[in-house]
Amino acid sequence: MEWLGWSWRHRDRTPMRPNEWSWTRWAGLGATAFLLWLGVATLAGVAADTALDLKPRAARHILLDRQGHPLAEEAGEWNVQNQVPLYRMPQRLKDAVLLAEDRRFFSHRGVDWTARLHAIWQDVRAGRNVRGASTITEQVVRMLVPRPRSLWSKWLEGFDAGRLEARATKSDILEFYLNQVPYASNQRGVANAARFYFDRDLDTLDTREMIALAILPRAPSGLDPYRGGAKVLDRRSIRLATAMRHAGVLPAAEWQSVVEAPLELQAPPRRSAIGHFRNYVERQLAARTGNTPQRVTTTLDSGLVDFAQGLLDERLANLSGRRVRNGALLVVDRRSGEIRAWVVAGAEADATTPGRFLDAVLIPRQPGSALKPFLYAAAFDAGWSPAERIEDAPYAEAVGTGLHRFNNYSRQFYGEVSARQALGNSLNIPALHAVSFVGPDRYLDALHRLGFSSLKKSAGFYGDGLALGNGEVSLLELVRGYTALANGGVTVPLRAIVDPNAHAAPGERVFSRDAALLVGNVLSDPWARAMEFGRYSTLNLPVQTAVKTGTSTDYRDAWAVGFDSRYVVGIWMGNLDQTPTDGITGSTGPALVLRGVFAYLNRDQNTKSLPLPSDLPLADSCTHGESGCEQIYDYRTNAVLHAPAEAWQVAGPSILTPTPNLRLAYDPRLPAERQMFRFALGGVEPQAKVTWVLNGAPIATTRGPEFMWRVTRGVYAVEARVEDEDGARVLGPVAFSVR
C-alpha cells in the first residue's frame, strides 16, 4: 500500500491553464445537467391533478333489474356497481390487507422507504426482482394512472403517491383500494371477489376466507384456486395468519382454525352477460338524457335472464355436433311491452362462442315461415276465415329464365285444405295463394306498420317469396310483431327502462281484433298442425300458447316464437357467419328452449286461456278426405277490413306455364316417356275446349286448362286456342326452349 500513498502524494500538481477544466468540473456539470433533466422529466411525467381523483368511478350507467338489484357486472375498467364503504368492511379483512400489502400504511406519506430499501437489498441478493414494496397508495396511483412496469414508472409513482396523500385521507385511499383491487377473471374489489370465490357477502366471510382475499391480489392468476393455485394460496394464508397473530390482531383460537380448516370454494351461479342489453339501453338514454352516468332501473328480470341464458347455452351445446353455434332469446310482457329477458348465447367474457360480440337480437336474418301469421291476419281482414278452402298442389313460378318449384317442408301436398290447416302446418303453397289474395304491397305495408324496418326493399323485389320469409328481419322486430298479434292487432312499443312518469303512447291498429285473435287461436290449436308436426308435437304446450316456427333456406336460421295470455317469447338459432346448420329447424332447435322458458314464466302464475271473439259464428265446411266429405266447423269473420287485392287476380285467360323465355333441361338419363312438362292456363273454365299449338302445328285438344307435354329438345312457341261460352280466342304465343 506504500506505493499507492506515494503515488497520491507525488501526483502531478502542474497548474491548470486558464481555459482548461478539471474532471471535477465536468462531473459537476454533468450532475447538474442530469438533475435538471430529471426534474423536468419528472414534472412532465407525473399525473395531472384530475387523474388523482378518488371519486367513485361510474363512467357508465349503473343498470338495475326491475326489483332494483344490480344487474350482473360485465368485465370493465372499474367496479361501479358493488362498492362497499370502508366502515362496512370487516375489521379482520382490513387488518389482513394492511399486513399483507402495507404494514406502515398509516405512518408513511405515500412511499415506505424502509420497505423500499429492504426490497432493493433482497433484489440485489437474489439477482432478480423479488419484491416490489409498493405501498397501497402507490398501487392506487397505478390503478388511476396505468404505466409500463419499469423503474421510471416506479419513480413517478412515488411522487404521485405523495401528492395523493396530500389531497386525500388515508381512509379514502384504503376504501378506494379495497373496492378496486384487481382479482382473477376480471373481478375488481373485495366484495366482487367474495361473491366470485365464496358466493357470499363480505360480512359473512370467516377469517380463513378474508385472509385469502388479502393474499390473492399479489398474484391474481397464479394464486387463483380455480386455476390450480390452491396449495400456494394455502401456504401463504397460514404465513399471513401467523403474522397477524404475532402482530396481536388475530387471537390464537382463530389462528388455529385458519391453520386447520381447508379453504372451501363456493362458485356463484353463472350470471348472464348484459353487455348487449346495456348497449341497447345506453342508446336510448343518450337520446333522452345525454351521457351523464346515472342509476337506471331496467325492465329485465334477473332470475329469468339467468335461467334463459343457461337453457339457451345448454341447448346449443347439445346441438354442437349439428353445426349450430349462435342463438338469441327475447321475452316481452305483451301488455306493457316491457322487455323481461335479452339473451345472446355465449356472450360471457370467458366464452369462446364465435361472434359473441355481435348482438344477435338485432341482426336481421331470414325468418322463413315465422312471418306467415301476419300474412293470414291480413287475409282474414280481407275476407278469409280459418274455414277458407285453399288448394295445396304443386306450384311453380318463373325466376329469370327458369322455374322455381315450391314445396312444403315434408315435400307432400294435401290437396284442398282449410286456412286453419294451412297456417297451423305452415304450408307454403296456400301461403302463396294468401299473398296473391292480400297483395304483396299491402302485406309489406302491414309489416312496416308492425315495425319491420329491416324490410327496406320494395314488394316487387321480394315478390311472392315474402309470404315464405325471404326478407330479413331481426328477433327484436319479430317479437314486436307477435306482441301486436297478442294484443289484438295493436302495436305495443317495447320498453327497456322503467319510468313511472312516462305515459305509454297508444299503439297503431294494424289488424282487426278478430283477425289477430283468430291467428292466435289457430297457432295454439294442436290439431291444426297435426299433418306436418304430428299430434304430439313439441309445440303442444300445457298452457294454451300460440306457437310458430320458422326455418330459412339451407337451414341457416331456425326460429320459434310464441305468446300466451301474458308473455311473448322469441328464439333464434343459427350461425352469425351465415354458414348453414346440419338440418336444424325451428321445431328441432329452439322449440325446446321455448317450452322451457314458458314453463319458467308460468310456474307461479294463474294461467289463462287466449282470448277469442265471442260474436263470431261457427260454420261448417266440407273437406274431402279418405272417407269422403268430412265436416269441419270453424269460425267465420263477418266484416272485411280490407278488400282483397284486385291487381293480383287473373283479369282474363292467360298462359301460366310455360313462362316467357323459359329454359328447360332434357335429361338423357331418364326414359323419354317419363319427361313431361305441364302446359297450364289461368282464367279458363274446367270444361273449356283448348287446342294446344306448338310452333304453328296443333299437338293436342283437351277439356280444361292443362296438358302434359312430352319434352323434346328444341326452340318452341306455344299457343292455346280456347273455346267456351264466351267464344273462341287465342292465347300466346309464349316462347321457350329445351336444351
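**Exercise 1.** In this predicted model, work out whether R239 is buried or exposed, then find which surface patch R239 belongs to.

*Solution.* Start with the number: R239 has a relative accessible area of 58%. The cut-off for exposed is over 50%, so R239 counts as exposed. Next, place the residue: R239 sits in helix α10, which covers residues 230–246. Finally, look for its partners: K231, R235, R236 and R239 make up a positive surface patch.

**Exercise 2.** Find out which residues form the nonpolar surface patch, and which helix gives the most to that patch.

*Solution.* Begin with the members: W37, W152, W155 and F159 come together as a nonpolar patch on the surface. Together they show about 440 Å² of accessible area. Now for the helix: α6, residues 151–167, gives the most, with three residues. F159 is found in helix α6. How accessible is F159? Its relative accessibility is 39%. Buried would need under 20% and exposed over 50%, so F159 lands in the partly exposed class.

**Exercise 3.** Decide how the rings of W692 and F707 are arranged, and say which strands the pair ties together.

*Solution.* Two things describe an aromatic pair: the distance of the ring centres and the angle of the planes. The pair count here comes to 21 aromatic pairs. For W692 and F707, the centres are 6.2 Å apart and the planes meet at 25°. Pairing needs centres within 6.5 Å, and planes under 30 degrees apart count as stacked, so this pair is stacked. On to the strands: W692 lies in β17 (residues 689–694) and F707 in β19 (residues 706–710), so the pair ties together parts that are 15 residues apart in sequence. As for cover, W692 is buried at 1% relative accessible area, and F707, at 18%, counts as buried too.

**Exercise 4.** Do the same job for Y716 and F736: how are their rings arranged, and where in the chain do they sit?

*Solution.* Check the geometry: the ring centres of Y716 and F736 lie 5.4 Å apart and the planes are at 25°, so you can call the pair stacked. This pair links distant parts of the chain, with Y716 in strand β20 (residues 714–724) and F736 in strand β21 (residues 727–738), 20 residues apart. Y716 is buried, with a relative accessible area of 11%, and F736 counts as buried at 2%. To finish, put the rings in context: Y716 and F736 belong to one aromatic cluster, whose members include W692, F707, F677, F679 and W709.

Key. Residues numbered from 1 in each chain as written. Predicted model: local features only at pLDDT ≥ 70, side-chain atom pairs only at ≥ 80, totals over all residues. Heavy atoms only, no water. Patch = residues over 30% accessible without salt bridge, like charges linked within 9 Å, V, L, I, M, F, W, Y side chains within 5 Å. Areas by Shrake-Rupley, 256 points an atom, 1.4 Å probe, with all protein chains shown as cover. Salt bridge = Lys/Arg side-chain N within 4 Å of Asp/Glu carboxyl O. Helix = DSSP H or I, 4+ residues; strand = E, 2+ residues; numbered from the N terminus. Buried < 20%, exposed > 50% of the residue type's maximum accessible area, 1.4 Å probe, protein only. Lys, Arg positive; Asp, Glu negative; His and termini not counted. Charge placed at Lys NZ, Arg CZ, Asp CG, Glu CD. Phe/Tyr/Trp six-rings, centres within 6.5 Å; stacked < 30°, edge-to-face > 60°.
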